[in-house]
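Me: I would like to learn to read a model feature by feature. Can we take strands, charges and rings in turn?

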Amino acid sequence: MNATSFWHQCILVNAAMADAAQLKADALMEQMKLHLASDAGKELTKKIGLVYQLNVAPKKLGFNEKIYVVDLKKGEVKEGKYEDGKPDATFSFTDDDFLKIAMGKMNPQIAFMRGAIRIKGSISAAQKFTPDIFPKPSKM
């Protein structure tokens with residue numbers, strides 16, 4: 001590899017990392033942290049009691065994903081992989097599709113059938129992943 005192609009590769013990697021750092025999901029996850037600290041969020045934690053890992057890609061599934069954990073056992077949202085065993089369900093989707101699902105503009109089951117979401121883990125846990133777990137748009 002010559003110096004020119006090396007620097008070209010570095011620029012591409014930096015651009016990809018910048019894309020991953022600028023997700024719309026970041027703002028929603030910050031709102032989710034506040035939501036889980038509220039009374040409604042505490043009720044949600046008692047009701048659901050599951051852990052979801054969300055792999056959110058800027059444009060294409062599986063590429064430059066940013067990972068979040070929505071822990072509805074502890075009432076926490078964190079960036080990075082789940083480290084306390086396995087999450088109950090793991091979802092992979094694009095940033096735009098994630099927002100559509102969270103805002104209730106896309107049905108998660110239909111999105112799965114169309115290939116817009118990949119799911120690993122418990123199907124029953126995945127079925128409880130609905131827009132109801134996210135803060136309402138008026139609070140965002």
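Reply: We go through strand pairing, burial, charges, aromatic rings and backbone angles. Keep in mind that this is a predicted model.

Me: Let us begin with strands. In what sense do E1 and E2 pair, and over how many bridges?

Reply: Look for bridges between two strands, then for their direction. E1 and E2 are antiparallel, with six bridges between them. One position to find is Tyr-52, which stands opposite Val-70 of E2.

Me: Which strand lies beyond E2 in the pairing, and in what sense does it pair?

Reply: E3, residues 76-79, pairs with E2 in the antiparallel sense over four bridges. Val-70 has Val-77 as its bridge partner in E3. Val-70 thus serves as a marker: Tyr-52 stands opposite it, and Val-77 is its partner in E3.

Me: How many residues lie between the strands in the hairpin of E2 and E3?

Reply: Four residues lie between them. Check the backbone there: Gly-75 has a positive phi, near 75 degrees.

Me: Now burial. How many residues of E2 are buried?

Reply: Six of its six residues are buried. Read a strand by its two faces. Lys-66, Tyr-68 and Val-70 are on one side. Ile-67, Val-69 and Asp-71 are on the other. Both faces are covered.

Me: That list holds a charged residue, Asp-71. What is the nearest side chain of opposite charge, and how far away is it?

Reply: For a buried charge, look for a salt bridge, then for other polar partners. The nearest side chain of opposite charge is Lys-74, 4.5 Å away. The cut-off is 4 Å, so a pair at a greater distance is not counted as a salt bridge. Asp-71 is buried and has no salt bridge.

Me: Which backbone atom does the side chain of Asp-71 reach?

Reply: The backbone nitrogen of Lys-73, at 2.8 Å. Then list the contacts farther along the chain. Leaving aside neighbours within four places in sequence, Asp-71 touches Leu-50, Val-51, Glu-76 and Tyr-82.

Me: With which residue does Lys-74 form a salt bridge?

Reply: With Asp-84; their closest N and O atoms are 3.0 Å apart. Next, place both ends. Lys-74 is in the loop between E2 and E3 and Asp-84 in the loop between E3 and E4, so the bridge ties together parts 10 residues apart in sequence.

Me: How many salt bridges does the structure hold?

Reply: Six. Among them is Glu-76 with Lys-78, at 3.4 Å from N to O. Check exposure too. Glu-76 is partly exposed at 29% relative accessibility, and Lys-78 is partly exposed at 48%.

Me: Where do Lys-33 and Glu-30 lie?

Reply: Both are in helix H2, residues 24-37. They are three residues apart, about one turn of the helix. They form a salt bridge, with the closest N and O atoms 3.1 Å apart. Lys-33 is partly exposed at 38%, and Glu-30 is partly exposed at 44%.

Me: On to rings. How many aromatic pairs does the count give?

Reply: Eight aromatic pairs. For each pair, read the distance between centres, then the angle between planes. The centres of Tyr-52 and Phe-91 are 5.8 Å apart and their planes stand at 50 degrees, so this pair is tilted. Tyr-52 is in E1 (residues 51-57) and Phe-91 in E4 (residues 89-94), so the pair ties together parts 39 residues apart in sequence. Both residues, Tyr-52 and Phe-91, are buried.

Me: Which residues form one aromatic cluster with Tyr-52 and Phe-91?

Reply: Phe-93, Phe-98, Phe-129 and Phe-134.

Me: Why is helix H4 described as largely enclosed?

Reply: Count its buried residues. Six of the eight residues of H4 (residues 95-102) are buried, so the rest of the structure largely encloses the helix. The buried ones are Asp-95, Asp-97, Phe-98, Leu-99, Ile-101 and Ala-102. Then ask what covers them: the cover includes H2, E1, E4 and helix H5 (108-113).

Me: What is phi of Gly-104, which follows H4?

Reply: Positive, near 80 degrees. Look also for such values outside glycine. Asn-64 has a positive phi near 55 degrees. Asn-64 sits in the loop between E1 and E2 and is partly exposed, at 40% relative accessible area.

Methods: Residues numbered from 1 in each chain as written. Predicted model: local features only at pLDDT ≥ 70, side-chain atom pairs only at ≥ 80, totals over all residues. Heavy atoms only, no water. Phe/Tyr/Trp six-rings, centres within 6.5 Å; stacked < 30°, edge-to-face > 60°. Buried < 20%, exposed > 50% of the residue type's maximum accessible area, 1.4 Å probe, protein only. Lys, Arg positive; Asp, Glu negative; His and termini not counted. Polar contact = N/O pair within 3.5 Å; in protein donor to acceptor, adjacent residues only side chain to side chain. Contact = heavy atoms within 4.5 Å. Pairing = 2+ DSSP bridges.
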